[in-house]
Structure formats: C-alpha cells, structure tokens
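Dear colleague,

Please find below the structure that I am handing over to you. My notes on it follow directly after the sequence and coordinates.

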Protein chains: 2
Amino acid sequence: MINPGSDRPVFRQLADLLRERIRAGQPLPSTLHISQEFGIGRNTVRKALDVLVGDGLIVVRNGYGPVVLEQAEGGEVETVRLYRGSEVTVRLPTEQDRYELGLPLTAVVPIVEVTVGGRSKIYRGDRVRLTSA
Amino acid sequence: MINPGSDRPVFRQLADLLRERIRAGQPLPSTLHISQEFGIGRNTVRKALDVLVGDGLIVVRNGYGPVVLEQAEGGEVETVRLYRGSEVTVRLPTEQDRYELGLPLTAVVPIVEVTVGGRSKIYRGDRVRLTSA
DNA sequence: ACTGATTTGTACGTATGTATC
DNA sequence: CGATACATACGTACAAATCAG
C-alpha cells in the first residue's frame with residue numbers, strides 16, 4: 001500500500017491512492033478513518049487531502065466529511081463567452097478567492113475575474129478559456 | 001502583535017504581519033527566528049509562510065531561507081481590446097514567457113495570452129486589463 | 001432547543017530526513 | 001565536515017462546525 005521508506009512522501013502516496021478511489025466512484029471516509037486504515041497520522045492524511053483539494057477533486061468543510069466533487073467539473077476546462085462590455089482582470093488568488101474556489105494555501109493558480117454589468121465572477125485561470133463573442 | 005484568542009487564526013495573523021514587512025522591503029528571517037520572535041510554534045509559522053507562497057510573495061526552498069519575490073507594483077496597466085474571435089488563456093509564466101517579457105526568474109505573475117487569427121500575444125496579467133469590444 | 005457524537009480546524013511539541021551553506 | 005534551515009511525519013490537545021437523536 002504505502003511505503004514509508006519510499007522517495008515519494010507518504011502524503012503524496014496517500015493522495016495517489018485516494019485519487020484512485022475517487023476515480024472508482026468511492027466516497028472518502030473521515031480523516032480519522034483514513035489514518036487508522038493506513039496507519040498514518042491524521043496530519044499527514046489532511047495534507048494528502050490538501051493535494052486532492054488542489055486538484056479540484058474534493059472539498060472539505062469543518063465538521064463535515066470530505067466531499068467528492070463531480071470529476072467532469074473537476075479538471076475540465078470551461079469555455080466562457082465574453083459579450084460586449086465584459087471586462088477581464090487577472091490576479092493571483094486572494095484569501096477570499098481561495099475560500100470561494102477551495103484552493104489550498106500553497107496552490108499558485110491565476111484567478112480570472114470577468115465583470116459585466118457590475119457583476120463579476122471568478123474562475124481558476126487554468127480551467128477557463130475565454131472567447132470574445 | 002498576535003492575539004491567540006482572536007477569531008482570526010494565528011497563522012493568518014502572522015501572515016498579515018509578514019506581508020506588511022515584505023511591503024516595507026524587509027527580508028524574512030528563518031522560520032525558527034520567526035517562531036521565536038512571536039512565540040509561535042514552527043509548524044504555525046510554516047503555515048503562515050504557505051499563505052505568502054500562495055500569494056506569490058515568497059518562495060521557500062529546502063535548506064534555504066524564505067525568499068521575498070519582486071512584486072509588480074506601480075507598473076502601468078495596459079488596456080487591451082478583445083475583438084470578435086479572440087481567445088484568451090491564462091497560465092503561470094513559462095521560461096519562454098519570462099524571456100519575452102523580461103521577467104525575473106523569481107517573479108510570480110500570471111501570464112495572459114490573447115490569440116486572434118492564429119497570432120498570439122502575451123501580457124503580464126497584473127498589468128493588463130481586457131475589455132470585450 | 002438541547003445534548004452528545006463525529007469531524008474538521010488550529011496549534012503545539014518532537015523527531016528525523018534532506019538540502020543548502 | 002559541521003551548522004543551518006526547510007520537509008516530512010508522528011503524536012497530542014482543544015476549539016469549532018455539523019449532524020443525529
């Protein structure tokens with residue numbers, strides 16, 4: 001299963017294993033269950049989950065278990081049409097952006113903000129393509 | 001300085017303080033120094049640094065101290081009109097992007113690529129604003 | 001509305017490994 | 001080679017959010 005002496009860190013090995021489970025359609029148990037199943041500290045399990053959050057595969061909420069997201073929306077690139085008057089700005093994620101998009105602290109991902117008619121919407125820059133309609 | 005009983009987590013409070021120091025042009029000492037200065041555990045300091053890494057303010061390397069990156073501040077913002085058929089993608093800079101834009105190796109800046117009619121042009125994401133014409 | 005159990009969030013400490021100087 | 005500094009991983013504890021009854 002997991003080799004503690006491997007070159008690849010435990011939390012990455014675990015993330016790989018959990019990724020396979022998610023791909024197989026399985027839900028994720030609590031961090032405590034996972035830590036007991038693999039004999040790994042809960043902190044390490046949490047770090048593995050951080051990786052999956054960064055991949056857009058799951059989200060975690062306080063007091064609630066990990067939630068597996070739809071894989072179609074997970075890594076797919078969304079195409080957004082820009083109508084006349086749309087404005088686009090790009091930035092690195094603010095704390096608010098990370099909260100809204102479920103980005104981990106260490107993920108460096110461009111944020112795209114599209115504003116039209118005073119309303120704005122943000123996207124992960126690596127998962128959006130804009131076309132001027 | 002830092003209020004452990006605050007609603008705002010310690011690592012976020014610390015991240016805010018360190019962000020101000022970076023803005024003031026100060027370098028960051030080691031995690032051990034920071035933890036001793038503020039009386040905070042090193043793990044918590046490390047998490048605060050994670051916040052700054054995610055913001056693109058610093059980078060951390062194994063065996064080396066935190067490195068404050070150069071920030072794009074005060075640069076002029078260029079407005080680019082997107083005509084019909086334009087496509088926009090966003091990414092973090094490749095080596096080629098850095099060469100073309102003269103970006104320092106340490107600068108973490110989103111790159112905006114505008115493609116129209118097979119020709120593409122890249123911009124620094126923090127110095128460009130796109131408007132759909 | 002309240003209680004208790006579960007689960008995640010935060011924070012501490014400690015130890016060891018690895019990279020850099 | 002030794003000293004410094006970050007990376008990983010363990011354990012522990014308590015707070016906060018959620019949920020089931």
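In this predicted model, a phosphate oxygen of DNA strand D is 2.6 Å from an N or O atom in the side chain of B:Thr31. B:Thr31 is also among the residues that come nearest to this strand, together with A:Val10, A:Thr44, B:Arg46 and B:Tyr64, out of 23 residues around it.

Two further polar contacts with DNA strand D involve chain A. A polar backbone atom of A:Gly41 is 3.1 Å from a phosphate oxygen. In the case of A:Asn62, an N or O atom of the side chain is 3.3 Å from a sugar or linking oxygen. Taking the atoms of DNA strand D within 4 Å of the protein, 77% belong to sugar or phosphate, and the rest belong to bases.

Both protein chains contribute helices to the surface near DNA strand D. Helix H1 (10-23) and helix H3 (42-54) of chain A each supply at least two residues, as do helix H2 (31-38) and helix H3 (42-54) of chain B. The most comes from H3(A), with four residues. By residue class, the surface near DNA strand D consists of seven nonpolar, 12 polar and four charged residues.

I turn now to the salt bridges, of which a search of the whole structure finds 16 over all chains. One of them joins A:Glu113 and A:Arg91, whose closest N and O atoms are 2.5 Å apart. A:Glu113 lies in strand S5 (residues 111-116) of chain A and A:Arg91 in strand S4 (residues 87-91), so this salt bridge ties together parts that are 22 residues apart in sequence. A:Glu113 counts as buried because its relative accessibility is 17%, under the 20% limit. A:Arg91, at 23%, counts as partly exposed.

In chain B, the side chains of B:Glu113 and B:Arg91 meet in a salt bridge at 2.6 Å, N to O. This pair likewise links distant parts of its chain, with B:Glu113 in strand S5 (residues 111-116) and B:Arg91 in strand S4 (residues 87-91), 22 residues apart. B:Glu113 counts as buried at 18% relative accessibility, whereas B:Arg91 counts as partly exposed at 24%. Elsewhere, salt bridges that share partners join A:Glu95, B:Arg8, B:Arg12, B:Asp16, B:Arg19 and B:Asp55 into one network.

Lastly, A:Asp126 and A:Arg124 form a salt bridge through their side chains (3.2 Å, N to O). Here A:Arg124 counts as buried at 11% relative accessibility, while A:Asp126 counts as partly exposed at 38%.

With kind regards

Technical notes
Residues numbered from 1 in each chain as written. Chains lettered and ligands numbered in written order. Predicted model: local features only at pLDDT ≥ 70, side-chain atom pairs only at ≥ 80, totals over all residues. Heavy atoms only, no water. Near = heavy atom within 4 Å. Polar contact = N/O pair within 3.5 Å; in protein donor to acceptor, adjacent residues only side chain to side chain. Nonpolar A, V, L, I, M, F, W, Y, C, P; charged D, E, K, R; others polar. Salt bridge = Lys/Arg side-chain N within 4 Å of Asp/Glu carboxyl O. Buried < 20%, exposed > 50% of the residue type's maximum accessible area, 1.4 Å probe, protein only.
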